[in-house]
Amino acid sequence: MAMQARFRHLTRDVPIPHPWDLSSYLDDVAAYRGRSISLLPIDTALLAGTGCGTGSGLWIAKQDSDVIVYGADTTEWHAEHIIVHELGHMLLGHGPEQPTDDQSAPTTPTVAAVAELLPSISPESIAHVLGRTDYGTTRERDAETFADMVMLHAMRPPRRDSLLHRTFFRDRRR
């Protein structure tokens, strides 16, 4: 299914709030998935070089909840984009990447790095860690496209729902 169709389907299940409100969207995604989501802003430099992706964001799936770690020392818009990117991974059904034959499993060193970085989260409670390690993968491109689409949709003024518009400009694909 093309990304635009997936986005349309997901926004029917989890509508993007107008006006945009990240907290409301997080609550809606958590309710849709049946798992709480917490945000953990940290110094971006702490993520860099620890095996946790590019250092801008990280999704930690615990046994019964999710944590999104993101750089606190960035702009509000960029922080929200990072968070929505990680939500994109969740909503698009991305889990831990399976290593190819010539790669070792990235999860063990990444989980160890997270345990050192965030000692309050025990390695045993982490189901998987999904960090950005390669923007070239389809999953990363999809999550990035999802975040771009959400942020653009959130900034768009709401459509007027007039009788004229409902009559002549219905979306016949529904």
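Asp-21 caps the N-terminal end of helix α2, with one of its side-chain oxygens placed 3.2 Å from the backbone nitrogen of Ser-23. This contact, like everything described below, is read from a predicted model, and the report moves from α2 to strand β3 and then to the salt bridges.

**Helix α2**

Helix α2 spans residues 22-33, twelve residues in all, and reaches 16 Å from its first C-alpha to its last, which is close to the 16 Å expected at 1.5 Å a residue. Its buried residues are Leu-22, Tyr-25, Leu-26, Val-29 and Ala-30. These residues lie on the same side of α2, because the arc that they cover around the axis is only 135 degrees. The face turned away from that buried side carries Asp-27 and Ala-31, both of which are exposed. As for what lies over the buried residues of α2, the covering elements include strand β1 (36-42) together with the helices α4 (76-91) and α6 (138-155). Beyond the helix comes Gly-34, a residue whose phi is positive, near 70 degrees.

**Strand β3 and its partners**

Strand β3 comprises residues 65-71, and since seven of its seven residues are buried, the strand is largely enclosed by the rest of the structure. The burial holds for both faces, with Ser-65, Val-67, Val-69 and Gly-71 on one side, and Asp-66, Ile-68 and Tyr-70 on the other.

Two strands pair with β3, and they do so in opposite senses: β1 runs parallel to β3 and is joined to it by seven bridges, whereas β2 (residues 57-62) pairs with β3 in the antiparallel sense over five bridges. In the parallel pairing, Ile-37 stands opposite Asp-66 of β3; in the antiparallel pairing, Gly-57 has Tyr-70 of β3 as its bridge partner. The strands β2 and β3 form a hairpin, with two residues between them.

**Salt bridges**

Side chains of opposite charge can pair when their charged atoms come close. The structure holds three salt bridges, which are set out below with their N to O distances.

| Acidic residue | Basic residue | N to O distance |
|---|---|---|
| Asp-142 | Arg-6 | 3.5 Å |
| Asp-66 | Arg-33 | 2.5 Å |
| Asp-66 | Arg-35 | 3.0 Å |

Asp-142 and Arg-6 meet in a salt bridge, and this pair links distant parts of the chain, with Asp-142 in helix α6 and Arg-6 in helix α1 (residues 3-13), 136 residues apart. Asp-142 counts as buried because its relative accessible area is 17%, while Arg-6, with a relative accessible area of 22%, is partly exposed.

Which residues are linked in a network of salt bridges? The network consists of Arg-33, Arg-35 and Asp-66. Asp-66 forms a salt bridge with Arg-33, and that pair connects strand β3, which holds Asp-66, to helix α2, which holds Arg-33, across 33 residues. The side chain of Asp-66 also meets that of Arg-35 in a salt bridge; since Arg-35 lies in the loop between α2 and β1 and Asp-66 in strand β3, this second pair ties together parts that are 31 residues apart in sequence.

The accessibilities within the network can be given residue by residue. Asp-66 is buried, with a relative accessible area of 1%, and Arg-35 is likewise buried, at 19%. Arg-33, by contrast, has 25% relative accessibility and therefore counts as partly exposed.

How values were computed: Residues are numbered from 1 along each chain as its sequence is written. This is a predicted model: local features need pLDDT of at least 70, side-chain atom pairs count only at pLDDT 80 or more; totals for chains, interfaces and linings use all residues. Side-chain values use heavy atoms; hydrogens and water are left out. Helices (H or I, at least four residues) and strands (E, at least two) are DSSP runs, numbered from the N terminus. The expected span of a helix is 1.5 Å times one less than its number of residues. Buried means under 20% relative accessible area, exposed over 50%, partly exposed in between (1.4 Å probe, protein chains only). The arc is that of the directions from the helix axis to the C-beta atoms. Contact means heavy atoms within 4.5 Å. A polar contact is a pair of N or O atoms within 3.5 Å; within protein, one must be able to donate a hydrogen and the other to accept it, and residues adjacent in sequence count only if both atoms are side-chain atoms. Two strands pair if DSSP finds at least two bridges between them. A salt bridge is a side-chain nitrogen of Lys or Arg within 4 Å of a carboxyl oxygen of Asp or Glu.
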